[in-house]
Amino acid sequence: MKKYGFGADVGGTTIKMGLFEMDGTLVEKWEIPTDTTEKGAHILQDIAATVHGKMVENDLTKDMVEGIGIGVPGAVDKDGVVNRAVNLGWDIVPLAEELGKLSGMKVKVGNDANVAALGENWMGSGKGYNSIVMVTLGTGVGGGIILGERILAGVTGAAGEIGHIHMMDHEEECCGCGNKGCLEQYASANGIVRLAQRYLQNHPEMETTLGTELTSKEIWDKVKENDKAAVEIAEQMSDLLGKALAAIACVVNPEAFVIGGGMSKAGEILLEYVQKAYVKNAFHASRNAQFKLAQLGNNAGIYGGVKLVL
C-alpha cells in the first residue's frame with residue numbers, strides 16, 4: 001500500500017477534495033467549483049488538474065499515491081460507469097476509465113451517499129461496526145448501506161435509496177423522483193415542513209409558538225421547548241422514518257444506524273424520537289441496533305473516497 005491517496009466528493013456547485021495518508025489522516029482539504037457547462041464535460045479534467053497540482057505542491061510522485069476515490073450524485077456500476085447524474089449534466093460516463101486516463105492513476109467510483117456512509121464507517125461514528133446503514137436527512141433523504149465494511153451498491157448502483165421507499169398510498173403530491181408517497185416527502189428537512197404545514201392547517205385550534213416561515217430547525221427547537229404541535233409533527237415524521245428503518249433492518253440487520261445531514265444538527269432529541277419509533281416497529285431480533293449521529297459532516301465523502309481506493 002502506497003502512503004497517499006485522494007478523495008473527491010462531486011456536488012452540483014463544488015467538488016470537495018482531500019489529500020490523505022492511507023491510514024486515514026487528512027493532510028489537506030480544499031474545494032474547486034463544479035463546471036457544469038457543456039454537460040459537465042470539463043469536470044474530470046478539473047479533478048485531474050487539481051490532483052496533479054497538489055502532487056506538485058507536496059512533492060508527490062505517482063508511485064507514492066495509491067489512487068483517487070470519488071463519490072458522485074448518481075448510480076454507479078461495478079466498473080465505475082455513472083448512469084446519469086442530472087445535477088452534473090452527465091448521461092452515461094465511464095468515469096473510472098476516463099479519469100484514470102487523465103490522471104494516470106487508479107480510480108474508484110461510487111454513489112456519493114454510499115461513499116459518505118463508507119467514510120463514516122471507516123473514520124466516523126460508524127467506526128468499529130461491521131455493518132451500518134447511514135441515513136442523511138437534508139433537502140432530501142439519502143442513504144448508504146455498508147455490510148462487511150463494504151458498500152452494498154446493488155446491480156445498478158441504486159441500493160441505499162432510502163428516501164424513495166414508498167410510505168403513503170394516498171399522497172397526491174409528486175416526489176422529485178416522479179413517484180408519490182416516498183419517505184423523502186416526509187422525513188427530509190422539506191418533508192417535515194410539509195407535515196407541519198398540513199398539521200397546522202388541519203388543527204387551527206392548536207396553540208403553538210411555531211411561526212409561519214417554518215424550517216426543520218425551528219420545528220426541532222420547538223420540540224425541545226415541548227411545544228405540543230411541534231411534538232406531534234416530530235412524532236409523525238419519526239414514526240414514518242422509524243417504520244422505514246425497521247423494514248430495512250429486516251433485510252440487512254445492521255449493527256447501527258448513523259443519522260447525518262442538516263437535520264441531524266437537532267442532536268440527540270432527533271435520535272430519541274426516531275429510535276423510539278424504530279423499536280416499536282422493528283422485528284425483535286433487530287431492535288438492539290444502535291443509533292448514532294454522524295461525525296464527519298461534509299468531509300464524509302472525501303474520507304469514503306479514500307476508503308474506496310483501499
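## Strands S9 to S11

Two strands count as paired here if DSSP finds at least two bridges between them. With that in hand, let's walk through this predicted model, starting with strand S10. A hairpin with 2 residues in between links S10 to S11, and Gly148 in that turn has a positive phi of about 60°. The pairing of S10 with strand S11 (residues 150-151) is antiparallel and rests on 2 bridges, with Leu147 standing opposite Arg150 in S11.

On its other hairpin, S10 is joined to S9 through 3 residues. These two strands also pair in the antiparallel sense, over 7 bridges, and Thr136 sits opposite Gly142 in S10. S10 is mostly covered, too: 6 of its 7 residues are buried.

## The largest nonpolar core

Now for the hydrophobic stuff. The largest nonpolar core has 48 residues, and the ones touching the most other members are Val135, Leu183, Trp220, Met237, Leu241, Leu245 and Tyr278. Elements giving two or more residues to this core include strand S9 (131-137), strand S10 (141-147), helix H5 (184-187), strand S12 (256-260) and helix H9 (268-281), along with H6, H7 and helix H8 (228-252). H8 makes the largest contribution, with 14 residues.

Leu183 is a handy one to click on. Leaving out residues up to four places away in sequence, Leu183 touches Val141, Ile162, Gly163, Ile165, Met167, Leu240, Leu241 and Ala244. There is also a second, separate core of 32 residues, with Met17, Leu60, Ile68 and Trp90 among them.

## H6 against H7

Next, a helix pair. Helix H6 (residues 189-202) packs on helix H7 (residues 216-224) at an angle of about 65°, and their axes are 8 Å apart. From H6 come Ala189, Ile192, Val193 and Ala196, which meet Ser216, Ile219 and Trp220 in H7. Sorted by type, the residues of this contact are 6 nonpolar, 1 polar and no charged.

The spacing on the H6 side fits a general rule. An α-helix has 3.6 residues a turn, so residues three or four places apart point the same way. Trp220 turns up twice in this tour: in the contact with H6, and in the list of core residues that touch the most other members.

## H10 under cover

Last stop: how much of helix H10 (residues 300-309) is buried? Mostly covered is the verdict, with 8 of its 10 residues buried. Those are Ala300, Gly301, Ile302, Tyr303, Gly304, Gly305, Val306 and Val309.

The cover over the buried residues of H10 includes strand S1 (4-10), strand S2 (14-21), strand S3 (26-33), strand S4 (65-72), strand S8 (107-111) and helix H4 (112-123).

Methods
Residues numbered from 1 in each chain as written. Predicted model: local features only at pLDDT ≥ 70, side-chain atom pairs only at ≥ 80, totals over all residues. Heavy atoms only, no water. Axes fitted to C-alpha atoms, helices over the stretch in contact; angles between N-to-C directions. Helix = DSSP H or I, 4+ residues; strand = E, 2+ residues; numbered from the N terminus. Contact = heavy atoms within 4.5 Å. Nonpolar A, V, L, I, M, F, W, Y, C, P; charged D, E, K, R; others polar. Core = buried A, V, L, I, M, F, W, Y, C linked by side-chain atoms within 4.5 Å. Buried < 20%, exposed > 50% of the residue type's maximum accessible area, 1.4 Å probe, protein only.
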